[in-house]
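Colleague: Got a minute to go through this model with me? Put it up and we can start with the strands.

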Amino acid sequence: MSVRCETWGVRFMVEACVSRDVVEGILAYSRHMHPKEAILVLRGKVDFKKGRIDILELVIPPRATQAVGFSAFPLQPLPLDMSVVGVAHSHPSGIQEPSVADLNNFYGGVMAICSYPYEDAGDISIYDGKGRKIPFRVRERQE
Ligand SMILES: [Zn+2]
């Protein structure tokens, strides 16, 4: 792969691996916040050589605004945390693609979108800073 990901100045992410706990956490939090947008910070590890990203943990960002049709959080209260790999947010509209505003406010390396009805991993998509979908698999707890 020679495609570059402008977000981090690194190779394009070819695969993401998301832990089962993170998947269930995103789904549960999105359901809980509905019809407001939920927003969560994703933590994990990035293997730049393999173009692989592992999403291992969720953090509820401090002082987040979670409203109908909008969610955001201020960057200042966040500690400088090199394990932050991106942000997840919900789309109560059911639309799985990132909006123009989503791409303009991109933070980190990846963006996960969880769309209504938030039933299973099929309602979650992961994108890079260019809005390109990154294939992902769910890592079960015993793996
Ligand atoms: Zn969005």
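Colleague: How do strand 9 and strand 10 pair?

Modeller: Strand 9, residues 110-115, pairs with strand 10 in the antiparallel sense, over four bridges. Strands here are DSSP runs of E of at least two residues, helices are runs of H or I of at least four, and both are numbered from the N terminus. Two strands pair if DSSP finds at least two bridges between them.

Colleague: Which residue is the bridge partner of Ala112?

Modeller: Ile126, in strand 10. This is a predicted model: local features need pLDDT of at least 70, side-chain atom pairs count only at pLDDT 80 or more, and totals for chains, interfaces and linings use all residues. Residues are numbered from 1 along each chain as its sequence is written.

Colleague: And what does Ala112 touch?

Modeller: Leaving out residues up to four places away in sequence, Ala112 touches Ile26, Leu42, Gly86, Ala88, Ile124 and Ile126. Contact means C-beta atoms, placed from the backbone, within 7 Å.

Colleague: Back to the sheet. What is the strand order?

Modeller: The order is 10-9-8-4-5-3-11, an open sheet of seven strands with mixed pairing. Strand 10 (124-127) and strand 11 (136-139) are the edge strands, each pairing on one side only.

Colleague: Where does helix 1 lie?

Modeller: Helix 1, residues 20-33, lies across several strands, including strand 3, strand 4 and strand 5. Helix 1 runs at about 50° to strand 5. Axes are lines fitted to C-alpha atoms, for helices over the stretch in contact, with angles from 0 to 180 degrees between N-to-C directions.

Colleague: How many helices and strands in the chain?

Modeller: Two helices and eleven strands.

Technical notes: Two residues are in contact if their C-beta atoms, placed from the backbone, lie within 7 Å.
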